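User: I am new to this structure and would like to understand it step by step. Please answer my questions in turn.

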Amino acid sequence: MRPAEEEIGNLLPLILFSILWYSTLGVSIVENGFQPGLILFLAAGLLPLYQAFMSIRRALFYRRQRAEAVALGRPARGRIVGISREDVPYYTSGKHRRLRYRRYYYLEVEVADPDTGIVSRIRSQGYRRPIHRYLGSDQVSVYTDKSGWKHYLENFQWKERRGDPDIFGGSCDFEEAHPGAERIGQFLFTAVLVLMLLHMFFRF
């Protein structure tokens with residue numbers, strides 16, 4: 001489980017959508033010939049691919065930063081002492097922009113300096129999923145980058161069974177009570193696209 005900035009996300013729906021998009025345009029070109037108006041639709045099909053490319057590029061950039069901090073060695077011992085949640089506003093793209101919110105979960109960690117033993121408190125990067133619901137222990141390793149400002153959590157101890165008690169007790173949040181809801185939605189969307197592709201190519 002990675003912080004939101006390091007997630008690549010589920011790119012399969014975007015790729016399948018692009019395949020479906022260009023397949024439809026290809027069939028239209030074969031049946032009716034190429035029309036100048038199709039140039040706009042051909043260009044529009046590149047948007048999901050560009051979005052996937054930028055998502056991968058961004059995630060790899062932040063993952064390299066983590067790897068550099070871990071490579072410095074000397075992890076500090078950390079103890080997770082709390083969690084916080086924020087709903088960050090953003091506007092949707094397109095002509096009709098709407099205000100939406102992304103929910104992020106943060107871990108509050110007390111870190112003991114390996115040299116002095118002095119304890120300080122840091123805040124983790126934001127996670128899209130309620131990471132605290134999957135932890136079996138409050139112990140964690142903390143790596144710090146060269147600047148000394150950015151910290152990375154490693155060596156989480158996960159629950160052995162999903163039904164094990166949470167380290168901070170239960171929660172009444174809908175997203176946390178149903179951690180697989182987003183994945184189910186992605187699966188259904190992908191399944192619909194696959195069936196449309198099969199119907200187009202095999203006419204079953």
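User: Which element of the chain has the lowest mean pLDDT, and which the highest?

Analyst: This is a predicted model, in which local features need pLDDT of at least 70, side-chain atom pairs count only at pLDDT 80 or more, and totals for chains, interfaces and linings use all residues. Residues are numbered from 1 along each chain as its sequence is written, and side-chain values use heavy atoms, with hydrogens and water left out. The pLDDT is the predictor's confidence in each residue, from 0 to 100, and the chain averages 80. The lowest mean, 46, belongs to helix α4 (residues 174-177), and the highest, 93, to strand β5 (residues 151-154).

User: In what pattern do the helices and strands follow one another along the sequence?

Analyst: Helices (H or I, at least four residues) and strands (E, at least two) are DSSP runs, numbered from the N terminus. The chain has five helices and five strands. Read along the sequence, their pattern is α-α-α-β-β-β-β-β-α-α.

User: What percentage of the 204 residues count as buried?

Analyst: A residue is buried under 20% relative accessible area, exposed over 50%, and partly exposed in between (1.4 Å probe, protein chains only). Of the 204 residues, the buried share is 27%.

User: Which strand gives the most to the largest nonpolar core?

Analyst: A nonpolar core is a set of buried Ala, Val, Leu, Ile, Met, Phe, Trp, Tyr and Cys residues joined through side-chain atoms within 4.5 Å. The largest one here has 13 residues, and I80, L107, V109, V140, V142, L153 and F156 have the most contacts inside it. At least two residues of this core come from each of β1 (76-91), β2 (99-112) and β4 (139-144). The strand that gives the most, with three residues, is β2.

User: Which residues does V109 touch, leaving aside those up to four places away in sequence?

Analyst: V109 is among the residues with the most contacts inside the largest core. A contact means heavy atoms within 4.5 Å. With residues up to four places away in sequence not counted, V109 touches G78, R79, I80, S120, R121, I122, V140, V142 and L153.

User: How many residues apart in sequence are the parts that K150 and E5 tie together?

Analyst: A salt bridge is a side-chain nitrogen of Lys or Arg within 4 Å of a carboxyl oxygen of Asp or Glu, and the structure holds 14 of them. In the one between K150 and E5, the closest N and O atoms are 3.4 Å apart. K150 lies in the loop between β4 and β5 and E5 in the segment before α1 (12-32), so the parts tied together are separated in sequence by 145 residues.

User: Are R66 and E6 buried or exposed?

Analyst: R66 forms a salt bridge with E6, with 2.8 Å between the closest N and O atoms. R66 lies in helix α3 (residues 46-71) and E6 in the segment before α1, so the pair ties together parts 60 residues apart in sequence. Both R66 and E6 are buried.

User: Which residues do salt bridges that share partners join into one network?

Analyst: The pair of R66 and E6 belongs to this network. Through shared partners, salt bridges join R2, E6, R66 and E154.

User: What accessible area does the nonpolar surface patch of Y91, L99 and Y101 have together?

Analyst: Such a patch is made of residues with over 30% relative accessible area and no salt bridge, with nonpolar side chains (Val, Leu, Ile, Met, Phe, Trp, Tyr) joined within 5 Å and, in charged patches, like charges joined within 9 Å. L99 is in strand β2 and counts as partly exposed because its relative accessibility is 38%. Accessible areas come from the Shrake-Rupley method with a 1.4 Å probe, and for residues only the protein chains shown count as cover. Together, Y91, L99 and Y101 have about 350 Å².
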